[in-house]
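Here is a short report on a protein chain and its metal site, pocket and backbone. Please have the sequence and the model open while you read.

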Amino acid sequence: MALDLFNSLSGRIEEFAPAEGNKVRFYACGPTVYDYGHIGNFRTFVAVDVLRRYLRQSGFELMHVMNITDVDDKIIRNANQRGVPIGDYTRKFEQAFMEDMGTLGIEQPEQISRATEHIAGMARFIRKLADKGVAYQTEDGSWYFRIDKFPEYGKLSKKDFAGMIVDGGGRMDADEYEKDDARDFALWKAPKEGEASWETEIGPGRPGWHIECSTMAMEYLGESFDLHAGGEDLMFPHHENEIAQSESLTGKTFARHWMHVRFLLVEGQKMSKSLGNFYTLRDLVLMGHKPSSIRLLLTSVPYRKQLNFTFDGLTQSANSVERLRNFKLRMETSTWEPGANAEVAAMAQTAIGEMRASLNDDLNTAQALAAIFDLVRDVNAAADHGKVKKDDVPAILTALGKFDEIFAVLKDEDAAHVKAIVDWARAEGLEEKISPETLEMAKSAALSDAQVEELVAKHSEARKAKDFKKSDAVRDELLAQGVVLENTKDGVRWKRK
Ligand code: AMP
Ligand code: ZN
């Protein structure tokens, strides 16, 4: 069973496999670090995370490259306004982005590379394009790509550029000088008074955005690689321009497969600051939402379908995570009758088979989740009727483990992540944004699992000795620290609030 993945380049679903051996070499456009990441950004990064996790579960090795755009117009403007060098300005947001990735359980790519550390390579790239006659310099010292030298321009976004005079919806920079053709795009921007610039073999200045990704992708992945990903807004002009530059230079296919993640809406609308529906990950956590609920919501709709982010949806996701975790706890802590029940073992097999078949179907995460929730429902029902036996449990836990290799919501690390965001908010003077629910969620971060276990043991001992005053006191102490303890017929269970 192979992974069928939609390829924006061919416009078709294709079987995806690496060109060479067992290693998938891919590139995903990273963040522009001028502000905190919003949930739209993380919709895309979580989708790419699902892809990488699924590829690894399918037995592939990974070489995943992500860039950090740490120089661009907005960065320069914001850093200048604050009177700090761009590096000082971007470092904070790059760090925040890395922390946010961790909060959402997004794995680190094998290679993360900053634009500002690859400037010489970009200049060399542009020099080679100039040698081939596809790049030219304008009077002010900027460099442009000559689009009429690349007849295939538009093959990714399927736009017809013949006869098109104006920029087809792309970003037209205010600081562009006389170009030979209005469609030509900037490879390199001449320096401006008071702005960051670099001395290079093609003159002083700073890189355009597109050249950054072509240069870094080739440096780490070679001239031709397996897959390139990003949000759908990047298809044109960014990815189209990456293809034009790269293929003009090498004459080879740049990326064989292109994956684009559909834009997320919030409460049915495009997210924007003016509409008041713009949320960073940190905003949501400070409002009282767990990182695990946010991750599950972001994965719940397949990447090519529009995800409408709503607070109702977030509450449902929180309930779903709770259900999954309770189910796992039940499996781990109940006392089961000896023996095996083939019917229950089959449920676990079916769930994993369906989950993988769904993910093979263009990463249909919604169906994959449905398969796991069917398992939870069916096994819970079987357990209620005493049909789950001791020897069935490992297979069920294995199925949950396979599920969590992709979805990553079962392990409860919410409290620690929430606590870190609370500390950050305090340090930034955002105290008034911290909701009571958030403080409640952060509480149990003070206790490690081992410390909780110790208190739980104390509680159980006191209970056994019929010292209920003491056992109640320990339970209350745990509750005050954000841990809920429950005595069931199978013994004691605990979880973080
Ligand atoms: P940026 O930091 O603006 O360069 O964006 C980082 C990534 O987030 C890119 O892959 C964008 O395409 C993606 N992105 C931005 N907004 C959204 C959105 N509303 N939905 C999905 N992806 C988005
Ligand atoms: Zn890019």
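Helices (H or I, at least four residues) and strands (E, at least two) are DSSP runs, numbered from the N terminus. This is a predicted model, in which local features need pLDDT of at least 70, side-chain atom pairs count only at pLDDT 80 or more, and totals for chains, interfaces and linings use all residues. Residues are numbered from 1 along each chain as its sequence is written, chains are lettered from A and ligands numbered from 1 in the order in which they are written, and side-chain values use heavy atoms, with hydrogens and water left out.

**Overall build**

The protein chain has 16 helices and 16 strands. Its C-alpha atoms fill a box of roughly 90 × 50 × 35 Å along the principal axes. Of its 497 residues, 52% count as buried. Buried means under 20% relative accessible area, exposed over 50%, and partly exposed in between (1.4 Å probe, protein chains only). Contact means heavy atoms within 4.5 Å. Among contacts between residues at least 6 apart in sequence, 76% join residues at least 24 apart.

The domain assignment gives domain 1 (4–261), domain 2 (266–407) and domain 3 (447–496). Such bounds come from an automatic or database domain assignment. The centres of domain 2 and domain 3, taken over C-alpha atoms, are 28 Å apart. Their contact takes 8 residues from domain 2 and 5 residues from domain 3.

**The second largest pocket**

Where does the second largest pocket lie? Domain 2 and domain 3 both give residues to its lining, so it lies between them. A pocket here is an open set of points on a 1 Å grid over the protein atoms alone, where a 1.4 Å probe fits, with protein on both sides within 12 Å along at least five of seven lines; lining residues have an atom within 4 Å of a point.

The volume is about 520 Å³. The lining has 18 residues, and Leu329, Leu410, Asp412, Trp494 and Lys495 lie nearest the centre. The elements giving two or more residues are α9 (311–333), α15 (449–464) and β16 (491–496). Helix α9 gives the largest share, 7 residues. By class, the lining has 4 nonpolar, 2 polar and 12 charged residues.

**The zinc site**

Which protein atoms are donors of the zinc ion (ligand 2)? They are Cys29 (SG), Cys213 (SG) and His238 (NE2), at 2.0 to 2.2 Å from the ion. Donors are N, O and S atoms within 2.8 Å of the metal (3.2 Å for Na, K and Ca); water is not among the atoms, so sites may look incomplete. Along the chain the donor spacing is C-x183-C-x24-H. Cys213 sits in helix α5 (residues 209–221) and His238 in helix α6 (residues 235–250), 25 residues apart. Both Cys213 and His238 are buried.

**Backbone points to check**

Most residues other than glycine have a negative phi, and most peptide bonds are trans. A cis peptide bond joins Phe236 and Pro237, with omega about 0°. Pro237 is in helix α6. Lys158 and Asp362 have positive phi values.

| Residue and phi | Loop | Relative accessible area |
|---|---|---|
| Lys158, near 60° | between β7 (143–145) and β8 (185–189) | 49%, partly exposed |
| Asp362, about 55° | between α10 (342–360) and α11 (365–384) | 9%, buried |

Definitions and conventions: Points joined across faces, edges and corners; volume = space filled by probe spheres on them. Nonpolar A, V, L, I, M, F, W, Y, C, P; charged D, E, K, R; others polar.
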